[in-house]
Amino acid sequence: MAGQINPNLLLAVPLAPLAGSAIAGLLGTKFFGNVVGRKVSTVATIAGVFIALVVSVMTLMDVLGGATFNGDLYTWMTVGTLKMTVGFQIDSLSAMMMCVVTFVSLCVHVYTIGYMAEDEGYNRFFSYISLFTFSMLMLVMSNNFLQLFFGWEAVGLVSYLLIGFWYTRPTAIFANLKAFLVNRVGDFGFILGIGLLLAYTGTMHYDGVFAQRDTVAAAIMPGTGWPVITAACICLFIGAMGKSAQFPLHVWLPDSMEGPTPISALIHAATMVTAGIFMVSRMSPLFELSDTALSFVIVIGAITALFMGFLGIIQNDIKRVVAYSTLSQLGYMTVALGVSAYNVAVFHLMTHAFFKALLFLGAGSVIIGMHHDQDMRNMGGLRKYMPITWITSLLGSLALIGTPFFSGFYSKDSIIEAVAASHLWGSGFAYFAVLAGVFVTAFYSFRMYFLVFHGKERWNEPHAVSHGHDSDAHDEEETDAHGHHHGLAPGDKPHESPWVVTLPLILLAIPSVVIGYLTINPMLFGDFFKGVIYVGENHPAMEELAHEFHGALAMGIHAFTSAPFILGLVGVAAAYYCYMVNPRVPAAFYNALRPIYTLLDNKYYMDKFNDVVFAGGARLIGGGLWNVGDRGLIDGLVVNGSAKLVGVFAALTRKFQTGYIYHYAFVMIVGVLATLLYFFPFWQA
């Protein structure tokens with residue numbers, strides 16, 4: 001059946017966006033002479049992603065018909081018996097990811113036409129997002145660890161360029177450097193895991209590693225007593241912690257909001273942060289061999305799901321609320337991975353991609369309508385001015401909180417049930433975290449919704465809050481990177497965004513509502529992932545879910561009496577009361593719980609901890625190496641010391657340069673005696 005998928009056609013999926021990126025980046029920027037204008041750059045990049053989407057959908061249809069492909073297309077290097085190649089592994093997992101990545105990317109490309117219309121870096125931005133799409137596609141289509149690592153690093157590099165897109169702003173430069181460095185920490189663990197597997201299997205191809213999984217499972221790390229499989233899986237997951245922003249390597253993701261809104265949607269929805277979830281799912285045959293590694297995954301995911309959700313409650317920047325919801329939802333996916341519900345994790349990855357992209361692009365539409373003011377305290381009542389943005393944002397919020405029959409409900413509720421069915425260590429804490437997270441998610445999501453779209457119109461009121469891109473940055477200038485003045489001028493009113501902005505909202509709202517209902521049965525309980533995702537017999541969570549599942553309709557109806565629905569409803573009601581009925585309640589909570597608010601406002605002091613311990617330690621060690629090693633040993637002893645020694649020797653020999661023959665004769669005699677004594681030491685005779 002492999003022959004049904006044409007490998008040459010598959011090449012078009014990553015290469016079409018790459019070609020569009022090259023045209024916009026090489027021919028459409030000032031650096032290369034700006035040979036082509038905006039229209040050519042726009043058409044080239046959008047056409048590239050559209051071609052990738054069409055071929056991806058065709059590939060998914062072939063896969064549903066039973067076709068697969070797993071082969072090498074190019075051999076880069078051969079070292080002994082080790083072959084380093086570029087190849088594709090096309091199955092249900094990679095085909096689904098290809099469709100999600102290209103569809104969301106296409107929506108973001110179209111949206112960018114309106115959002116970046118007045119930005120000088122228009123062509124450069126299109127080049128970056130197409131290159132980002134290419135990198136993610138290379139990652140999900142790979143059939144070996146080398147290509148996986150290439151895509152892994154490529155999305156990290158392009159995210160650095162995109163987060164710091166407005167490079168004249170110090171906060172953007174700090175944010176992209178922070179993202180780059182934190183991801184290097186995770187990538188160090190990732191490459192250690194790849195190295196361990198290579199050392200014990202001798203291959204970098206997935207199939208070759210999986211074929212020797214029993215050999216790896218029996219191996220012990222020399223001098224430690226640790227199973228190699230546990231060490232390798234934990235190292236691989238550390239890489240996922242960096243890319244998928246799991247605690248404590250999550251600190252880069254909220255700051256990534258310094259980039260333009262379209263890239264926030266692309267990073268948070270379909271690319272980069274989902275790379276870790278995809279990788280662990282692809283490596284399920286290995287993770288199933290180590291309960292210790294799975295428990296580690298469960299605990300990290302549970303901490304992220306709950307405690308990052310708390311931070312979303314106090315945010316006033318509209319984009320940061322959505323960013324912290326991404327962190328929390330990634331925690332949900334990670335917990336699902338830990339309880340061996342890989343199908344459910346990937347299912348939530350897919351549904352989340354649609355409604356999270358919708359929420360980010362909806363937030364961007366609000367920002368356009370508010371003339372680039374992102375502070376929710378300056379909004380209110382936008383529902384009647386921006387009807388399309390309002391209804392699509394409402395649909396996205398309902399999907400996010402897990403409203404029955406919406407896409408997020410099917411995936412999120414399945415995660416909660418899978419955790420309840422698990423018996424692995426840490427699953428009890430995880431069940432509490434994901435259940436409590438339902439209330440937290442509902443509260444901060446509808447806090448944002450009510451503050452932005454309902455209530456009193458606050459944009460023309462005098463207020464002492466920031467108008468900057470970041471609500472934390474009270475010293476920001478009153479213009480953004482576009483050169484726009486922040487906020488509405490007196491007498492102005494918000495306006496609905498142009499069609500290139502609202503059309504992607506509508507396109508993303510449709511799957512946000514229906515995709516879960518349509519796909520839950522084949523993806524979780526059918527044969528969609530058969531032979532792709534492996535679950536051991538000692539991990540029965542998916543079996544118990546299958547036993548309790550009686551169809552998507554019955555699941556939705558039954559949900560109205562379940563604990564997650566009640567908690568979600570209470571969260572929405574609490575948000576409505578606090579921000580629509582009695583706005584004095586949040587202030588009372590702030591006064592009563594000021595220490596907790598301070599803890600949350602400082603993001604659990606993780607940034608300060610990193611600055612003091614890691615950055616401070618680096619400065620201390622670096623300062624010591626500079627003072628002792630560089631200045632003291634290298635400059636002081638080796639360089640300057642040798643120069644001084646030569647100077648002393650020269651000053652001494654200069655004393656014998658008198659011009660008198662008898663002085664020179666004396667020196668020659670002393671030299672001859674010294675030579676004789678060195679070669680013929682008489683005292684040893």
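The paragraphs below lead through a predicted model of one protein chain, from its overall build to single residues.

Taken as a whole, the protein chain contains 27 helices and 2 strands, and its C-alpha trace spans about 115 × 65 × 60 Å along the principal axes. Of the 685 residues in the chain, 56% are buried. When contacts with a sequence separation of 6 or more are considered, 80% of them involve residues 24 or more positions apart.

The domain assignment divides the chain into domain 1 (1-67 + 92-141), domain 2 (68-91 + 142-460 + 495-581) and domain 3 (608-682). A student following the chain with a finger will notice that domain 1 is written in two segments, 1-67 and 92-141, while residues 68-91 are assigned to domain 2.

How do domain 1 and domain 2 meet, and what area do they bury between them? The C-alpha centres of these two domains lie 22 Å apart, and 50 residues of domain 1 are in contact with 62 residues of domain 2. The size of an interface is often given as the accessible area lost when the parts come together. For domain 1 and domain 2 this buried area is about 4,800 Å², with 80% of it on carbon and sulfur atoms. Tyr-111, Tyr-115 and Phe-132 supply 18% of the area that domain 1 buries against domain 2, which is more than any other three residues supply. Across this interface the rule finds 0 salt bridges, although 14 residue pairs are in polar contact between the two domains. On the side of domain 1 that touches domain 2, the helices α1 (7-27), α2 (38-64), α3 (92-115) and α4 each supply at least two residues, and α3 gives the most, with 20 residues. Sorted by class, that side of domain 1 has 38 nonpolar, 10 polar and 2 charged residues.

One residue of helix α4 (residues 122-141) is Ser-135, and it is worth a closer look. Ser-135 counts as buried because its relative accessibility is 1%, under the limit of 20%. A polar atom of its side chain lies 2.9 Å from the backbone oxygen of Leu-131. Leaving aside residues up to four places away in sequence, Ser-135 touches Gly-151, Ala-154, Val-155 and Val-158.

Salt bridges, absent between domain 1 and domain 2 by the rule used, do occur elsewhere, and a search of the whole structure finds 11 of them. In one of these, Arg-282 pairs with Asp-91, and their closest N and O atoms are 2.7 Å apart. This pair links distant parts of the chain, since Arg-282 sits in helix α12 (residues 275-282) and Asp-91 in the loop between β2 (82-90) and α3, 191 residues apart. Arg-282 counts as buried, with a relative accessibility of 2%, and Asp-91 is likewise buried, at 8%. Another salt bridge joins Glu-153 and Arg-184, with the closest N and O atoms 3.1 Å apart; here Glu-153 belongs to helix α5 (residues 145-163) and Arg-184 to helix α6 (residues 170-201), 31 residues apart. Arg-184 is partly exposed, having a relative accessible area of 23%. The side chains of Arg-169 and Glu-258 also meet in a salt bridge, at 2.5 Å from N to O, and they link the loop between α5 and α6 with the loop between α10 and α11 (261-269), 89 residues apart. Both Arg-169 and Glu-258 are buried. In addition, salt bridges that share partners join Lys-178, Asp-255, Arg-320, Lys-603 and Asp-607 into one network.

The backbone has some details of its own. In the loop between α9 (228-243) and α10 (252-255) lies Pro-248, and the peptide bond leading to it from Phe-247 is cis, with omega near 0°. The loop between α9 and α10 also holds Ala-245, which has a positive phi of about 55° although it is not a glycine. Ala-245 counts as buried, with a relative accessibility of 0%. Tyr-605, in the loop between α25 (594-601) and α26 (606-654), has a positive phi of about 60° and is not a glycine either, but Tyr-605 is partly exposed, with a relative accessible area of 34%.

Methods
Residues numbered from 1 in each chain as written. Predicted model: local features only at pLDDT ≥ 70, side-chain atom pairs only at ≥ 80, totals over all residues. Heavy atoms only, no water. Helix = DSSP H or I, 4+ residues; strand = E, 2+ residues; numbered from the N terminus. Buried < 20%, exposed > 50% of the residue type's maximum accessible area, 1.4 Å probe, protein only. Polar contact = N/O pair within 3.5 Å; in protein donor to acceptor, adjacent residues only side chain to side chain. Contact = heavy atoms within 4.5 Å. Domains from an automatic or database assignment. Buried area = accessible area lost by both parts, 1.4 Å probe. Salt bridge = Lys/Arg side-chain N within 4 Å of Asp/Glu carboxyl O. Nonpolar A, V, L, I, M, F, W, Y, C, P; charged D, E, K, R; others polar.
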